[in-house]
Amino acid sequence: MIAITSIGQVAEHYDIAVVGAGPAGLAAAARAAELGLSVLLADENPAPGGQIYRAITTTPVTKRAVLGEDYWKGGALVDRLRPTNAAYAPGCTIWSVAPDEAGGFELGLSLGGQARLIAAGQVILATGAQERPFPIPGWTLPGVMTAGAAQIALKASGLVPSGRTVIAGCGPLLYLLAGQLAAAGANIVAVLDTTPRRNWLAAIAAFPDFLRSPYLAKGLKLMAAARGKLPFKTGVTALAAEGSGKLTGVTVTRGGAAETIPCDALLLHQGVIPGINLANAAGCAQHFDAVQHCWTPTVDGWFASSIPGIAIAGDGAGIGGAESAALRGEVAALDAARRLGRLAEAERDAHAAPIRAELARSLRGRRFLDLLYRPAPQFLAPPADETIVCRCEEVTAGQIRDAASRLGVTGPNQMKAFLRCGMGPCQGRLCGPTVVELIAQERGVSAEETGYYRLRPPVKPVTLSELAALPPTDAAIKAVVR
Amino acid sequence: MSEGRRSADVIVIGGGIHGCSTALHCALRGLSVILIEKDHAGRHASGVNAGGVRQLARHVAEIPLSNTSMALWHRIEDLVDDDCGFTSDGQVLVAEDEEDLGNCRARVDDLTLRGFHHEELIDAAELRRLVPAVSDTCPGGVVSRRDGAAIPLRATQAFKRKAQSLGADIREGVRVTRVARDGSDWRVETDHGAFLAPRIVNAAGAWADRIAADLAEPVPLEVIAPMLMITAAMPAFIKPVVILRKRKLSFKQFGNGTVLIGGGYLGRAIRDENRTVLDWGKLATNAKTVWDLFPIMRGAPILRAWAGIEARMPDDLPVFGKSTRHEGVYHQFGFSAHGFQLGPGAGAVMAEIIATGSSNVPIDGLGIARFAAPS
Ligand SMILES: Cc1cc2nc3c(=O)[nH]c(=O)nc-3n(C[C@H](O)[C@H](O)[C@H](O)COP(=O)(O)OP(=O)(O)OC[C@H]3O[C@@H](n4cnc5c(N)ncnc54)[C@H](O)[C@@H]3O)c2cc1C
């Protein structure tokens, strides 16, 4: 592994550029490098691991039990990359991926406050998942954060929220995090479970598969551990963060009755969805996945996107969890090597066969989780008009409903012109899914029909100075400016 | 799609600002209208442009249309029931040196002789008053005080909504595949069946050459993809829109503090896929110009960059007016990256020509005849 610490060390061209150093990216980079390809693995975080294995090589948390055995598996992925010649660039943001005229891709990247354009023959986007936005009244108050943010603080810096802490939402990660925080010493006064009871009806048909799945033991253990020790409240149908200027409590509605639980920290989580911004801005086709209830890039059996040469591996192309992400990264790398002429089709298939078998095993039971932890409609599309949906531009649910009904705005792209939601620095990462739900609901059409934002590069902000100082590429020097 | 009407007095092809404006003005004149748009209204150039509402520095052949338009922009809310985000803080052409300023003076003198007074020469002091943040090496420029900017998609949709409220039948998601004569009517075939009208308007933007070709009036239309960038909110420091002549720049700060940077650098358009590819090398040059002229902008984060698909004619002037070959065919395309401002007025003039056969607003020099193959 060649560690890249300054932009000058980045080469002009790589066979494969892998974006994201979570399990999918680490595995893809390792496999591609093992096949003798030149590889750039770029990640904006300071250390490898992605979300799940965040800070795996640097975490100050030393008691293995706090983060659980699964976390420490991440080390093996990094260890596999170490002996290869892959270039690994931490703290490096890829802000643009676009086809170049030579049939490859041009990537815009920033490292240490400097920007560059480089070329790559193939691109594997392994940008992972993000938490599903979970707008409730008061969620922008200081003291409220996402469960994922709390987990990052724990893994990266060993920090635990101080004071009375409430965790609310649904999904397996919620229980995992509750367990991790409790083990690390957090004072968890309530775990508020919003899983709709009727989800069990939909999920039950998928239960037999789940019983044979590798999730089962893990899942049951997590649940049992969390439930046994923590103050659980199920059947939650509404939530509101209380306080002025700072969080003071959370109002919970269950069975039609509301109560307020005083607290200092409220951690919200409603499952994860693919992080699609880079793929979307690169022009990759996407669709609405009805089971996982989220926008998902459209990929084939090799995780190739609609743009030949761009593959999307790991949770960025559909939520499957850490193990499946690493396997999908390998499959994508094999196909990229085939596209580059490094592997014959038959060789690729032979290498892939055992990985695919593993992959099928690792995904077994997924459907049950997806159906069981599908968020309730009132958390996807906040009913209260005052609830802020777009944090960047402070747009409320009421304004969006109004634009959809009164102004006849039919989709999120048109909504931008009226309310600017999705036009702030996060480019819709935090509001996109909610805006779609609200428009769909108001117009009585499906999310699929409503469509999603067309996103634009740079997918992460780059400064004017960085851009102005871009070293001219050969092509730019030759191009005649009109 | 079988509901709705299949024939009308006028069929407008294309739901950009031009198509929507023409549909609105036809409806205002009591004509029945069907507008056919393959995507949604404002999806292309009209929804993603810089929003510059500029009379400044226009080619003289365009000035009458531009003047008509400016009058409408200044009462836009009365026209379409929406202010379209229109603000009028003027546009300033900054001269970067004395030679540049000399050209400005010659231009303003020429316009005065022709009877146009919207452009005004300014000295260094007035430039500094209007644009305090500009680099102090600039000796002056030209201002057009009634100019400004609007929000493109919002404006286009407002024209569409108003046309609709007056009875225009707006068909979005319907693609015109062919146009042909059908007795005294024009038959407009689409992927959702055929429509008939005695009069059709070709306002198909970057795709208009295909309609023109069907009508045996081929035009040398170039599909271009002008690029824009926008920054995060900056402290307020500039009111008018600023443009340059020697280097390419158009520069504007919105009320919310974000700054729009453009100037006509081109990316790559893939028109059959509704897609554009940015050219970061050229955007870097664009950024460098801002870096030079507005030191205050150096640390600004660029949040988004994009390009729109637009039609450009070889002489950078639109094709506007009656067909020279066919009765009942009207062309309104090829705005060459400066057609947003023209939208409201061009629609009014087009509707007048359709309804009455002519207009007092001179449009000489814009006809399709200038591209007719010598026969
Ligand atoms: C980045 C950029 C910046 C610009 N900045 C400015 C500015 O600051 N000021 C200014 O005045 N101008 C500006 N312009 C130019 C301005 O946007 C255009 O000149 C103007 O919008 C053209 O309008 P239109 O209606 O002719 O075209 P469009 O808006 O492109 O509309 C044409 C429509 O026709 C539809 N269509 C095409 N073929 C078919 C078919 N077969 N069937 C059905 N529908 C069809 C298309 O889908 C499209 O929606 C800019 C342009 C760009 C791209």
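A residue counts as near a molecule if one of its heavy atoms lies within 4 Å of it. Keep that in mind for the ligand. One caution: this is a predicted model.

Let's start at the ligand. There are 34 residues around it. Which come nearest? Glu37(B), Ser46(B), Gly52(B), Glu310(B) and Gln341(B). By class, the shell around the ligand divides into 14 nonpolar, 14 polar and 6 charged residues.

Where in chain B does the shell come from? Helix 1 (17–28), strand 2 (33–37) and helix 2 (45–48) each supply at least two of its residues.

Now the polar contacts. Glu310(B) places a polar side-chain atom 2.7 Å from an oxygen atom of the ligand. The backbone takes part as well. A polar backbone atom of Ala45(B) is 3.2 Å from a ligand oxygen. For His338(B), a polar backbone atom lies 3.4 Å from a ligand oxygen. How much of the ligand does the protein bury? Taken alone, the ligand exposes 1,000 Å², and the protein buries 96% of that.

Next, two helices. Two packed helices are described by the angle between their axes and the distance between the axes. Take helix 3 (residues 63–73) and helix 10 (residues 343–356), both of chain B. Their axes come within 7 Å and cross at roughly 110°. Angles of 65 to 115 degrees count as roughly perpendicular, so helix 3 and helix 10 of chain B are roughly perpendicular to each other.

Who makes the contact? On helix 3 of chain B, the residues include Leu65(B), Leu72(B) and Trp73(B). On helix 10 of chain B, Pro344(B), Ala348(B) and Val349(B) are among them. The class count for this contact is 7 nonpolar, 4 polar and no charged residues.

Technical notes. Residues are numbered from 1 along each chain as its sequence is written. Chains are lettered from A and ligands numbered from 1 in the order in which they are written. This is a predicted model: local features need pLDDT of at least 70, side-chain atom pairs count only at pLDDT 80 or more; totals for chains, interfaces and linings use all residues. Side-chain values use heavy atoms; hydrogens and water are left out. A polar contact is a pair of N or O atoms within 3.5 Å; within protein, one must be able to donate a hydrogen and the other to accept it, and residues adjacent in sequence count only if both atoms are side-chain atoms. Accessible areas come from the Shrake-Rupley method with a 1.4 Å probe; for residues, only the protein chains shown count as cover. Helices (H or I, at least four residues) and strands (E, at least two) are DSSP runs, numbered from the N terminus. Ala, Val, Leu, Ile, Met, Phe, Trp, Tyr, Cys and Pro count as nonpolar, Asp, Glu, Lys and Arg as charged, and the others, Gly among them, as polar. Axes are lines fitted to C-alpha atoms, for helices over the stretch in contact, and angles run from 0 to 180 degrees between N-to-C directions. Angles under 35 degrees count as roughly parallel, over 145 as roughly antiparallel, 65 to 115 as roughly perpendicular and the rest as oblique. Contact means heavy atoms within 4.5 Å.
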